[in-house]
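User: Please take a close look at a single part of this structure, the hairpin, and then connect that part to the rest of the chain in one continuous account. Give the cut-off behind each term where you first rely on the term.

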Amino acid sequence: MKKLKAVNLHKCTGCELCVMEAQRQMKKITLQDALIRVFKNKKEDSEYLQYSVELDPQVNTLEIEKIREICPTRVLEIVEERDEL
Ligand code: SF4
């Protein structure tokens, strides 16, 4: 099964375009029940922010190619994974 993964998290700018695309596909105009969430973290001993991207497994029922394509910094990738039995 093809799955969306966040592989280059250090490149994430926190733009949330991936979140918007997922919500658009679900025809939702708010972030309610969002399948992708982006969190901002402040690194200790640094003034820079780091982002983390949380993907609900349900996101894989959407058009994940479009979600991957919309990310301007190529944080997201599609990987082939076997389902656990
Ligand atoms: S994963 Fe890509 S599209 Fe999503 S917030 Fe980060 S940079 Fe933006």
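Analyst: β2 and β3 pair in the antiparallel sense over seven bridges, where pairing requires that DSSP finds at least two bridges between two strands. The elements themselves are DSSP runs numbered from the N terminus, with helices being H or I runs of at least four residues and strands being E runs of at least two. The model is predicted, and local features are therefore reported only at a pLDDT of at least 70 and side-chain atom pairs only at 80 or more, whereas totals for chains, interfaces and linings use all residues. Residue numbers run from 1 along each chain as its sequence is written.

Within the hairpin, Phe39 stands opposite Ser52 in β3. Six residues lie between the strands of β2 and β3, and in this hairpin Asp45 takes a positive phi near 55 degrees. The loop between β2 and β3 also holds Glu47, which counts as exposed because it has 6 C-beta neighbours inside 10 Å. For that count the C-beta atoms are placed from the backbone, and a residue is exposed with 12 or fewer others within 10 Å, buried with 20 or more, and partly exposed in between. From the C-alpha of Glu47 to that of Ile67 the distance is 30 Å, with their positions 20 residues apart in sequence.

The hairpin belongs to a protein chain with two helices and four strands, arranged along the sequence in the pattern β-α-β-β-α-β. Along its principal axes the C-alpha trace spans about 40 × 30 × 25 Å, and 16% of the 85 residues count as buried. Of the contacts with a separation of 6 or more, 63% join residues 24 or more positions apart, a contact being a pair whose C-beta atoms, placed from the backbone, lie within 7 Å.

Strand β1 (residues 2–6) shows such contacts in detail. Ala6 lies in this strand, and its C-alpha is 8.0 Å from that of Leu55, although the two are 49 residues apart in sequence. When residues up to four places away are set aside, Ala6 touches Val53, Leu55, Val75 and Leu76; it is partly exposed, because 19 other C-beta atoms lie within 10 Å. Leu4, with its neighbours within four places likewise left out, is in contact with residues including Leu55, Val59, Ile64 and Ile78.

Leu4 also belongs to the largest nonpolar core, a group of twelve residues that takes in Cys12, Cys18, Ala22, Leu35, Ile36 and Val53 among others. Such a core is a set of buried Ala, Val, Leu, Ile, Met, Phe, Trp, Tyr and Cys residues joined through C-beta atoms within 7 Å. The elements that give two or more residues to this core are α1 and α2 (64–70). In α1 the buried residues are Cys18, Glu21, Ala22 and Gln23, and they pack against β2, α2 and β4, which brings the account back to one strand of the hairpin.

The ligand has 14 residues around it, of which Cys12, Cys15, Cys18, Cys71 and Val75 come nearest; a residue is near when its C-beta atom, placed from the backbone, lies within 6 Å. Here α1 and β3 (49–55) are the elements that give two or more residues to the shell, so the second strand of the hairpin takes part as well. By class the shell has ten nonpolar, three polar and one charged residues, counting Ala, Val, Leu, Ile, Met, Phe, Trp, Tyr, Cys and Pro as nonpolar, Asp, Glu, Lys and Arg as charged, and the others, Gly among them, as polar.

Positive phi values also occur in two other loops. Lys27, in the loop between α1 and β2, has a phi near 60 degrees although it is a residue other than glycine, and it counts as exposed because 6 C-beta neighbours lie inside 10 Å. Arg74, in the loop between α2 and β4 (76–80), has a positive phi of about 55 degrees and is not a glycine either; with 11 C-beta neighbours inside 10 Å, Arg74 counts as exposed. Thr30 is placed in the loop between α1 (17–25) and β2 (36–42), and is exposed with 7 C-beta neighbours inside 10 Å.

Conventions
Two residues are in contact if their C-beta atoms, placed from the backbone, lie within 7 Å.
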